[in-house]
Amino acid sequence: MKYKHLNVRPKALEALKHYNLPKGPLGFGKYSTPIMIVCDYADGKWGELKLAPFAFLNLLPTAKVFHYAQEVFEGMKAYRVDGKGPYLFRPDKNFERFNLSCKRMAIPEIPREYFMEAIQAITAYSAEFIPQKTGESLYLRPFTIATEESLGIKPSEKYKFVVVACPSDAYFTKGTVPVMIERQAARAGMGGTGNAKTGGNYAASLISAIEAKERGYLMTLWLDSLEKRYVEELSGMNFFCIINGELWTPALTETILVGITRDSIIHLAKDMGLKVHEERIDITELITSIKNNECTEAFACGTAAIISPIECLGENHGTRYTFRDQGGNISLKLRQRLLDIQEGRYQAPEGWLVKVDLPQL
Ligand SMILES: Cc1ncc(COP(=O)(O)O)c(C=O)c1O
């Protein structure tokens, strides 16, 4: 791609020359390549995209993001398995969701060209550090924060759009995941920010993560905030289950994040001949169907882990409802199909894989 808005700082190229990936496990989102994209918004417009060395952000303590959490982010991956690609997976969807989040958080939207150029450039310049084994990837984290130095509670007039890139190991959880049904706290309410990817939603979920861990679970399943009756999603993933051989997932509401993996799975499942239901799922009925062996498997899905099979749903007082086919057939088939597409082994539906051109260094 020809970059129209990118200014490559010589110091970034210098940093790339001297960088080596750490020895030992990369983990997930732990290490960044030595570069980042930065773009400032002031006086009603976005400035140029700078490819700069990875460094501290220079912010005063009065920057609004620290006080009023005016920020949004995205999570996406670039794949380079066996030297193919690098490929981005449905980046247009991340772009759309980024601006949907911006709108909700009163942050100026970023133009499409800027977002795409930033994502492509950081991937291209980081390409030699993308690990190449199946499941490994370059995790990309674009975000915008409010930087105006003023404690007045009103939308910031200054922002910083930043993208960092983290060479990462496969994020597959080992085995199957025990999930705690959260009966008290709520993640999101109608009219709130549940379908925006904004930090506060995640901060609000952490107290439940602590309780889940104390009680031997790995994740929280959130219910609707009003009746505590309908399944919504997990703290960082969407929820699916298989009932009588058919795939079920909660219908999207304004309290659920529009998962790109969710959308892709629905598409692939239909292709594979599965019947898919996007409907309300009543937690009491779901538990009954697990006990009856009608609901035989369930999984969580998202960019990071793709698909994590669920072992059981459980109450905080200890009762667990265990799926008959933990990590069952359908979950694993869908995971493999999606991974094969992302890593370039299986024909992707039109427009899903975007090849990134490497820069002439
Ligand atoms: C709350 C929440 N739900 C669902 C998802 C899954 O979304 P995606 O498949 O686009 O990664 C994520 C992860 O981004 C998330 O944070």
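This is a short tour of two domains, the interface between them and a ligand site. The model is predicted.

**Stop 1: the two domains**

Select residues 6-171 and give them one colour; this is domain 1 in the domain assignment. Then select 177-342, which is domain 2. Put a point at the centre of each domain, using C-alpha atoms. The two centres are 28 Å apart.

**Stop 2: where the domains meet**

Next, select the residues of each domain that contact the other. Domain 1 gives 23 residues, and domain 2 gives 23. How much area do domain 1 and domain 2 bury between them? The value is about 1,900 Å². Carbon and sulfur atoms account for 61% of that area. Accessible area lost when parts come together is a common way to state the size of an interface.

**Stop 3: polar links across the interface**

Show the polar contacts between the domains. There are 12 residue pairs in polar contact between domain 1 and domain 2, counting residues at pLDDT 80 or more. Now look at which elements form the domain 1 side. Strands E5 (71-73), E6 (76-79) and E7 (87-89) each supply at least two residues to it, and so does helix H3 (91-104). H3 makes the largest share, with 6 residues. Colour this side by residue class: 12 residues are nonpolar, 4 are polar and 7 are charged.

**Stop 4: the salt bridge between domains**

How many salt bridges cross the interface of domain 1 and domain 2? The rule finds 1. Select Arg 90 and Asp 263 and show their side chains. They meet in a salt bridge, at 2.9 Å from N to O. Side chains of opposite charge can pair when their charged atoms come close.

**Stop 5: along helix H3**

Move to helix H3 and select Lys 93 and Glu 96. Both residues lie in H3, 3 residues apart, or about one turn of the helix. Their side chains form a salt bridge too, at 3.9 Å from N to O. Across the structure there are 19 salt bridges.

**Stop 6: the ligand**

Finish at the ligand. Select the residues around it: there are 16. The closest are Lys 197, Tyr 202, Glu 233, Thr 261 and Thr 303. Which distances separate polar side-chain atoms from oxygen atoms of the ligand? Check three residues in turn.

- Thr 261: a polar side-chain atom sits 2.5 Å from a ligand oxygen.
- Thr 303: the distance from a polar side-chain atom to a ligand oxygen is 2.6 Å.
- Arg 97: here a polar side-chain atom lies 2.7 Å from an oxygen atom of the ligand.

How values were computed
Residues numbered from 1 in each chain as written. Predicted model: local features only at pLDDT ≥ 70, side-chain atom pairs only at ≥ 80, totals over all residues. Heavy atoms only, no water. Domains from an automatic or database assignment. Contact = heavy atoms within 4.5 Å. Buried area = accessible area lost by both parts, 1.4 Å probe. Salt bridge = Lys/Arg side-chain N within 4 Å of Asp/Glu carboxyl O. Polar contact = N/O pair within 3.5 Å; in protein donor to acceptor, adjacent residues only side chain to side chain. Helix = DSSP H or I, 4+ residues; strand = E, 2+ residues; numbered from the N terminus. Nonpolar A, V, L, I, M, F, W, Y, C, P; charged D, E, K, R; others polar. Near = heavy atom within 4 Å.
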